[in-house]
Amino acid sequence: MSETAQNTVQPIDIPKVDTPQVAPQKLDASGRAYATGRRKTSVARVWIAPGSGKVTVNGRDIENYFGRPVLRMVLNQPFDKVDRSGQFDVFCTVSGGGLSGQAGAVQHGIS
């Protein structure tokens, strides 16, 4: 190949991509955000509101519903990741699967 053939490469124009629009947060009348989380065969409906960090699962306190500390840790991981532990109250209903799948579904709903 000659030197002139190597220098004829033209740069490609890459189209600019607009930044995506972020949907505004929708809150219910009580000021809570809602999300659904799924893991394996478990489904969790999760409501989050600013508060003292109280977590209620199927009408029971988190310590009574998830007896193992590892499962409670799974629920708190999203808050720990963004340094917001103890700043939000969580109310959720969970069905299906076992306790570890339910904890994962609640974690997904919180995230």
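These legends go with three close-up views of a predicted model.

**View 1. The largest pocket and what lines it.** This pocket comes out at a volume of about 180 Å³. Its lining takes in 13 residues, and the ones nearest the centre are Gln25, Ala33, Tyr34, Ile48 and Ile110. Strand E1 (33–39), strand E2 (42–50) and helix H4 (99–110) each chip in at least two lining residues. If you're thinking about polarity, the lining splits into nine nonpolar and four polar residues, with no charged ones.

**View 2. Ser42 and its surroundings.** Ser42 belongs to strand E2. Its relative accessibility is just 1%, and since anything under 20% counts as buried, so does Ser42. Setting aside neighbours within four places in sequence, the residues in contact with Ser42 are Gly37, Ser95, Gly96, Gly97, Gly98, Gly101, Gln102 and Ala105. With one of these, Gly96, there's a side-chain link to zoom in on: the Ser42 side chain reaches the backbone oxygen of Gly96 at 2.8 Å.

**View 3. The salt bridge between Arg32 and Asp28.** Side chains of opposite charge can pair when their charged atoms come close. Here, Arg32 and Asp28 have their closest N and O atoms 3.0 Å apart. Searching the whole structure turns up one salt bridge. Are the two partners buried or exposed? Neither label fits, because partly exposed covers the range between 20% and 50% relative accessible area: Arg32 sits at 28%, and Asp28 at 29%.

Note on methods:
Residues are numbered from 1 along each chain as its sequence is written. This is a predicted model: local features need pLDDT of at least 70, side-chain atom pairs count only at pLDDT 80 or more; totals for chains, interfaces and linings use all residues. Side-chain values use heavy atoms; hydrogens and water are left out. On a 1 Å grid over the protein atoms alone, a cavity is a set of points where a 1.4 Å probe fits but cannot get out, and a pocket is an open set with protein on both sides within 12 Å along at least five of seven lines; lining residues have an atom within 4 Å of a point. Grid points are joined across faces, edges and corners, and a volume is the space filled by probe spheres set on the points. Helices (H or I, at least four residues) and strands (E, at least two) are DSSP runs, numbered from the N terminus. Ala, Val, Leu, Ile, Met, Phe, Trp, Tyr, Cys and Pro count as nonpolar, Asp, Glu, Lys and Arg as charged, and the others, Gly among them, as polar. Buried means under 20% relative accessible area, exposed over 50%, partly exposed in between (1.4 Å probe, protein chains only). A polar contact is a pair of N or O atoms within 3.5 Å; within protein, one must be able to donate a hydrogen and the other to accept it, and residues adjacent in sequence count only if both atoms are side-chain atoms. Contact means heavy atoms within 4.5 Å. A salt bridge is a side-chain nitrogen of Lys or Arg within 4 Å of a carboxyl oxygen of Asp or Glu.
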